[in-house]
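Here are a few notes to go with your first look at this one. Have the viewer open and follow along point by point.

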Amino acid sequence: MSLATAYIATEWLWNKPVLADLAAKIAPPVPTRRPFAMDAHGQVRIDEFYWLRDNSRSDREIIDHLERENEYVDSTLADTKGLQQVLFEEMKQRIKQDDYAKFPYRKGPYYYYQRMETGKQFPIYCRRRVVVNDTSSVSVGDKMDESQPEEILLDANQLAAGYENFRVGAFEVSTDHSLLAYAYDTSGAERYVIRFKNLNDGTLLDDIIRECSGDIAWANDNETLFYLTKDSLDRPDRLWRHRLNQSSFEDATLYRERDDAYYLSLHKSPSDRFIYLHCRSAETSEVSALDANRPNSSWKVLLPRKQGVDYDVCDRENYFYYLTNENAPNRKICLAPLSNPDHLEELIPHHEKQERIVLEDFRTFVNHLVVLQRRNGLQEVAIYTFDKNLLSSPHLIHFPEEAYSLSHLSGEYHSSVARIEYSSLACPNSVYDIDLNTYQMVLKWRQGILHTRLQDYVTKRLWAPSRDGANIPVSIVYKKDLFHQDGTSPLLLEGYGAYEISNDPVFDSGLLSLLDRGVVFAIAHVRGGGELGREWYEQGKYLNKKNTFTDFLDVCNYLLEQKYSSAGKVAISGRSAGGLLIGATLNMAPEDLFCGAFAGVPFVDVLTTMLDDTIPLTIKEREEWGDPRQKEYYDYILSYSPYDNIQHKKYPPILVTAGLHDPRVGYWEPAKWVLKLRDCKKDDYPVLLKVNLDGGHFSKSGRYDRLLEDALQYAFLLQCWGIHK
């Protein structure tokens, strides 16, 4: 039987409690209850599972419990093993296994790229020399000369050998292209080791720097490197300078951020002229700059931090360029002389609210300024040409699909070619080069997808009305010949809605395995995200957070009214802060609305976490959720925090994931939530917890391992819909 034929073979059991009928060979874990009292504002909350938190991640009793949770998942889903294997093989056969992981990009005298090899989990980092090294003559028609010898700089497969979890973080080549500095993490805890490699002879240097954040920046002397380390709460708080062939114990501490709400990050400017140190809280930022040609000189604060003002910076010629929200909620661009960096002059003004234009990202070129902006929620590219320090009117580049995503704006500073990556729910990741003089756009590469007719899929953008009058964007995709707008289709609804992050529709080849079985997939771009600008975000944070949850329910109801699905045929999904959305929505929703739910590394014990300064991210996150040490915020968070609001009612089958070494959402939050759900709910549907005992927040690291995880999640959801093949 062909894959295409196998996809269609389905069995519908809508009215049966499908997963409840699966006979687990073992009972769910029932750990000891140890009531722990938490007193705030004169109110006492009792948490019987508080003891599951272990900061060391080594308590044997807790590890044994998490292992039993995994055994319970395996037992409950034992009858789906065949389906999981079918899904895995489908997803694996669909991808071009020897494709690029990162398409070749020009950097000085080389093209750098990442490629995959069939059967291998991780990318191989390579480069080839450019025949004519003149970045000012770069054109959109340029191609890497594959007759030039390939240099393998780093084989992540070799480095990952022996580790269950492995990720390469920063990968930075020195200014003269003779040295490589790279960072890697083997635990999922996001604490990196930095190593150095001589690219002339392939030897590793003796220098080793441990316990880093993963950010790296080279000075232009090719022997000095800057990096960051973290404090005990996993906050990047210190800037260091390292000189090659020197012990890291001799490195100089250049800066320590003492405000626990601020996190450091580090990068080099596209011009290679400056290194920027960002100090950023959830609402405020401050950037310091260092002359990359003078690594021993002093760092200079460009714009001192001002509460509520967030900005990013680029440089060009004799000016700094700022993308800032000061008196401009949807951002504006200003410039200031290098010699007087706080003397700002407006260059691109803030757009009036009714235009709904948000400036998201920008990049300076020697003769151009390129801005990635969003108009009514859809992204576009605006190209400006410099005449001295004056700008031309923008040339706008739009894209034809109704819903899509643009990302990774890049390009050589001295060239007139910008690069952008494009993707949609029906279009694989694509790399475009844009000629900044003629505006010609050339497709350079598109992710290879095999055994698939992409024209068979339809993606749309809808607007769903909320209960308070807002219009909520919705991205949707389905397979044409399997969809009938009559309410019979299964629906998977995804959401996020936090941190002003736009949850844009991007291509996922694994999702095709659901679409090919008749599933409709939709993303609800709820308030709390950044899709419609700062106001959209602020309407879904602090004391407006419940708008995020009601928006999600309103989108679901709208899709049912429009006959995309029906009550009882809807599954919901979200990760991290999106897991909070899933938890809150499950508590609020009618019992018969959802047939299943997936919550990945969910942030579900909001109140307890926001009251505890010893948990990573808490202090910074109070600018997102509010500070429950204040009674008003305490009461509001208590009213929606999923762990505190579990109802004595029926819940659908739920699959939850956690990472033991997750530094962002402690594994104990999903672990406790699952136990309390089992205690309180009034049904026999399973609540499952799959724990990655070797990983962190971002799931498995190898590409085939990730497919196996996806296969388990999809098999679970398909069972919820009554689809068994």
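1. A quick definition before the helices: an axis here is a line fitted to C-alpha atoms, for helices over the stretch in contact, and angles run from 0 to 180 degrees between N-to-C directions. Also keep in mind that this is a predicted model.

2. With that in hand, find helix H2 (residues 60-76) and helix H12 (residues 668-680): their axes come within 12 Å and cross at roughly 60°. That angle makes H2 oblique to H12. As for handedness, the crossing of H2 past H12 is left-handed.

3. Next, the smaller topic of edges and partners in a sheet. Strands of a sheet pair through backbone hydrogen bonds, in either a parallel or an antiparallel way. One open sheet here has 4 strands in the order E18-E19-E20-E21, and the pairing is antiparallel. Strand E18 (311-316) and strand E21 (345-348) are at the edges with a single partner strand each, so one side of each has no neighbour in the sheet. From one strand to the next, the twist averages 30°.

4. Zoom in on one pair from that sheet. Strand E20 (residues 332-337) pairs with E21 in the antiparallel sense, over 3 bridges. If you want a spot to click on, Ile-333 has Ile-348 in E21 as its bridge partner.

5. Now for another open sheet, this one with 8 strands and mixed pairing; the order is E31-E32-E34-E33-E35-E36-E37-E38. Strand E31 (457-465) and strand E38 (687-692) are its edge strands, each pairing on one side only. On average, and ignoring direction, neighbouring strands in this sheet are turned by 20° against each other.

6. Inside that sheet, strand E35 (residues 570-575) and strand E36 (residues 594-600) run parallel and are joined by 6 bridges. Ala-571 is worth picking out, with Gly-596 in E36 as its bridge partner.

7. How many cavities of 30 Å³ or more are there? The count comes to 6. The largest has a volume of about 80 Å³. Its lining includes Arg-374, Arg-461, Asp-504, His-525 and Glu-531, and the lining residues divide into 5 nonpolar, 3 polar and 4 charged.

8. The second largest cavity holds about 60 Å³ of space. Among the residues lining this second largest cavity are Asp-231, Arg-235, Tyr-263, Asp-613 and Ile-619. Here the lining splits into 6 nonpolar, 1 polar and 4 charged residues.

Notes:
Residues numbered from 1 in each chain as written. Predicted model: local features only at pLDDT ≥ 70, side-chain atom pairs only at ≥ 80, totals over all residues. Heavy atoms only, no water. Pairing = 2+ DSSP bridges. Helix = DSSP H or I, 4+ residues; strand = E, 2+ residues; numbered from the N terminus. 1 Å grid on protein atoms, 1.4 Å probe; cavity = no way out; pocket = protein on both sides within 12 Å on 5 of 7 lines; lining within 4 Å. Points joined across faces, edges and corners; volume = space filled by probe spheres on them. Nonpolar A, V, L, I, M, F, W, Y, C, P; charged D, E, K, R; others polar. Parallel < 35°, antiparallel > 145°, perpendicular 65-115°, else oblique. Left-handed = near helix turned anticlockwise from the far one by under 90°.
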